Amino acid sequence: MRRDVFQAIADPIRRDIIELLSKEPLTVNEVAEEFAISRPAISKHLKILNECDIIAIDKKGRERYCKIQPQQLVPAFLWMEQYKVLWENKLDSFERYLMELKSKTENNE
């Protein structure tokens with residue numbers, strides 16, 4: 001199965017793993033300790049992140065270290081960025097509408 005960055009970030013556990021690894025490289029066991037799901041489930045999430053090139057897994061002795069590859073997140077960032085202005089405009093419009101309603105309610109009281 002072909003995997004891409006959007007599949008990697010589609011799952012909330014994988015997004016949490018990405019956030020965790022953005023702070024520092026961790027062993028597979030250290031990653032697993034941060035979650036209340038099974039070690040095999042974490043391994044599956046790490047495998048998907050690795051297949052999407054979001055993380056690299058380096059073996060050092062008996063340990064496997066997971067390290068984020070943030071440059072691989074750029075396509076998702078660029079895709080989301082194009083909608084930023086659209087959503088900001090919609091939220092600004094909604095805020096103006098709420099302020100107008102509030103003002104009308106206050107004037108009627």
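**Questions on a predicted structure**

E100 is partly exposed, its relative accessible area being 44% (buried means under 20%, exposed over 50%, partly exposed in between, with a 1.4 Å probe and protein chains only). This is a predicted model, in which local features need pLDDT of at least 70 and side-chain atom pairs count only at pLDDT 80 or more, whereas totals for chains, interfaces and linings use all residues. Residues are numbered from 1 along each chain as its sequence is written, and side-chain values use heavy atoms, with hydrogens and water left out.

User: What is the radius of gyration of the protein?

Analyst: The secondary structure comprises five helices and three strands (DSSP runs numbered from the N terminus: helices H or I of at least four residues, strands E of at least two). Along the sequence these follow the pattern α-α-β-α-α-β-β-α. The protein is more spread out than a compact globule, because its radius of gyration (taken over C-alpha atoms, with a globule rule of 2.2 Å times the number of residues to the power 0.38) is well over the 13 Å that the rule gives for 109 residues: the value is 21 Å.

User: What share of the residues in the protein is buried?

Analyst: The C-alpha trace spans about 70 × 30 × 25 Å along its principal axes. Of the 109 residues in the protein, the buried share is 24%.

User: With which residue does K104 form a salt bridge?

Analyst: Side chains of opposite charge can pair when their charged atoms come close. A salt bridge requires a side-chain nitrogen of Lys or Arg within 4 Å of a carboxyl oxygen of Asp or Glu, and the whole structure holds two. K104 is partly exposed at 47% relative accessibility, and its partner lies four residues away, about one turn along helix α5 (residues 74-108). With the closest N and O atoms 3.5 Å apart, that partner is E100.

User: What is the N to O distance in the salt bridge of E51 and K47?

Analyst: Both E51 and K47 belong to helix α4, where four residues, or about one turn, separate them. E51 is partly exposed at 36% relative accessibility, while K47 is exposed at 51%. Their side chains meet at an N to O distance of 4.0 Å.

User: Which helix gives the most to the nonpolar patch?

Analyst: F6, W79, M80, Y83, L86 and W87 form this surface patch, with about 620 Å² of accessible area together (Shrake-Rupley method, 1.4 Å probe). Patch residues have over 30% relative accessible area and no salt bridge, with nonpolar side chains joined within 5 Å and like charges within 9 Å. M80, one of the members, is partly exposed at 45%. Five residues of the patch come from helix α5.

User: In which helix is the place of E30?

Analyst: E30 gathers with E24, E33, E34 and E63 in a surface patch of negative charge. Its relative accessible area of 34% makes E30 partly exposed. Residues 28-33, which include E30, form helix α3.

User: What is the phi of D53?

Analyst: D53 sits in the loop between α4 (39-51) and β2 (55-60), and is partly exposed at 41% relative accessibility. Its phi is positive, in a residue other than glycine, and lies near 65 degrees.

User: What distance separates the C-alpha atoms of R62 and P12?

Analyst: R62 is placed in the loop between β2 and β3 (63-68) and is exposed, with a relative accessible area of 81%. R62 and P12 are 50 residues apart along the chain, and their C-alpha atoms are separated by 29 Å.

Conventions. Lys and Arg count as positive and Asp and Glu as negative; His and the chain ends are not counted. The place of a charge is taken as NZ of Lys, CZ of Arg, CG of Asp or CD of Glu.
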